[in-house]
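Biologist: I'm new to this one, so could you pick a single part and walk me through it closely? Please spell out the cut-offs behind your terms as you go.

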Amino acid sequence: MARAVLDAPHFHDEAAAFAYVEALLWPQGPVCPHCQAAGEQVYRLGGNATRIGLHKCRSCKGQFTVRQGTIFESSHLPLHLWLQVIHLMCASKKGISTRQIQRMLQCSMKTAWFLGHRIREAMAEKHGIFTPPLGGAGKVIEADEAFLSRDPSKKLKGPGPALPVMSLVEREGKVRSFHIPDVTVKTLHTVLARHASKESRLMTDGAYAYRSIGWNFADHAWVNHEEREYVSRQDPSIHSNTVEGVFSILKRGVYGTFHHVSEAHLKRYLAEFDFRYNTRAKLGVDDIERADIALQGAKGKRLTYETTGRRGQASAGGATA
Ligand SMILES: [Zn+2]
């Protein structure tokens with residue numbers, strides 16, 4: 001199936017790739033990235049000696065292509081190869097490794113690694129102050145935390161030197177995952193307060209931290225994992241299996257595909273897994289549409305070696321910016 005999809009011209013032909021990305025990023029026609037001029041003010045440069053996709057702005061006299069101001073800027077990789085990698089990352093439930101990208105493109109590990117992270121950046125949802133919380137009246141939010149081992153070869157015994165991750169899932173809806181500094185009441189409360197609507201029903205495991213903050217919600221129900229209760233015996237709608245499922249895909253990706261995820265880049269891997277979950281087939285999104293959504297996120301997310309290298313920080317505020 002993947003073969004047939006990858007037979008499309010924009011995965012092989014550079015001009016077709018430009019046309020594809022231009023249609024997605026410039027639905028109203030080209031826009032000058034220097035001065036935002038559009039319409040009559042900008043035009044495509046022709047001629048055989050001209051680079052594919054080159055445009056000129058009458059207003060500021062600047063030249064540009066659709067790559068400018070996106071994750072594709074300052075990369076020498078042809079656009080059609082970018083589109084292949086984006087498609088595969090969007091279509092692979094557990095992600096694809098840097099080595100696999102390297103083999104596919106026959107490029108250096110550094111190029112492959114950087115490419116993967118730029119695509120993750122395109123997938124990342126920015127939670128600004130106007131982003132509404134998950135859930136709402138009559139909706140269920142499941143919250144839980146998981147620990148990712150810094151060294152997957154060693155079995156985890158308790159939280160120890162592991163990386164704590166908290167996820168909130170709206171049942172039948174979307175997920176938001178955060179790399180948090182610790183699993184104290186204060187941290188969990190901060191994330192819930194920012195990202196979960198208080199009108200929702202909250203469902204968790206029996207951890208004390210949730211019991212002490214659950215009263216903020218319309219209702220709080222929990223299952224007692226310590227007593228091997230995974231679905232409430234009284235009310236089968238009470239469980240945290242949805243968020244457990246999210247963690248199981250994440251762990252299979254981190255341990256099976258990536259083998260190792262550093263603290264500095266954890267939030268980008270979380271963004272990648274959240275993205276695929278939030279555009280999953282069950283919500284009516286197919287592989288092609290998912291790749292198109294990722295492409296639209298490529299705008300305004302130029303990632304440089306400098307910003308990639310910046311140390312990632314766990315954030316109790318749950319900010320993913
Ligand atoms: Zn201009």
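Modeller: Let's start with one pair of residues and work outwards. Leu202 stands opposite His220, a residue of strand 8. Leu202 belongs to strand 7, residues 201-205, and that strand pairs with strand 8 in the parallel sense over 5 bridges. Strands here are DSSP runs of E with at least two residues, helices are runs of H or I with at least four residues, and both are numbered from the N terminus. Two strands pair if DSSP finds at least two bridges between them.

Two notes before going on. Residue numbers count from 1 along each chain as its sequence is written. What you see is a predicted model, in which local features need pLDDT of at least 70 and side-chain atom pairs count only at pLDDT 80 or more, while totals for chains, interfaces and linings use all residues.

Back to strand 7. Its Met203 makes a good stepping stone: the bridge partner of Met203 in strand 8 is Ala221, and Met203 is also the bridge partner of Glu142. That second link fits with strand 4 and strand 7 running parallel, joined by 3 bridges.

Now zoom out to the sheet itself. It is open, with 5 strands in the order 6-5-4-7-8 and mixed pairing. Strand 6 (175-179) and strand 8 are the edge strands, each pairing on one side only. From one strand to the next, the twist averages 20°; for angles like this, axes are lines fitted to C-alpha atoms (for helices over the stretch in contact), and the angle runs from 0 to 180 degrees between N-to-C directions.

Is strand 7 buried or exposed? Since 5 of its 5 residues are buried, strand 7 is largely enclosed by the rest of the structure. Buried means that 20 or more other C-beta atoms lie within 10 Å of a residue's own; exposed means 12 or fewer, partly exposed is in between, and the C-beta atoms are placed from the backbone. Across the 321 residues of the protein chain, 35% count as buried.

What about the way from strand 7 to strand 8? Helix 7 (residues 208-213) joins those two strands in a right-handed β-α-β unit. Right-handed means that, with the strands pointing away from the viewer, the path from the first strand over the helix to the second runs clockwise.

Helices also pack against this sheet. Helix 6 (residues 185-195) lies across strand 4 (140-148), strand 5 (163-170) and strand 6, at about 30° to strand 5. Helix 9 (residues 266-278) touches strand 5 and strand 6, and its direction makes about 170° with that of strand 6. A contact means that two residues have C-beta atoms, placed from the backbone, within 7 Å of each other.

Just past strand 8 there is one more thing to look at. Arg228 lies in the loop between strand 8 (219-223) and helix 8 (241-258). Its phi is near 55°, positive even though the residue is not glycine. Arg228 is exposed, because just 7 other C-beta atoms are within 10 Å.
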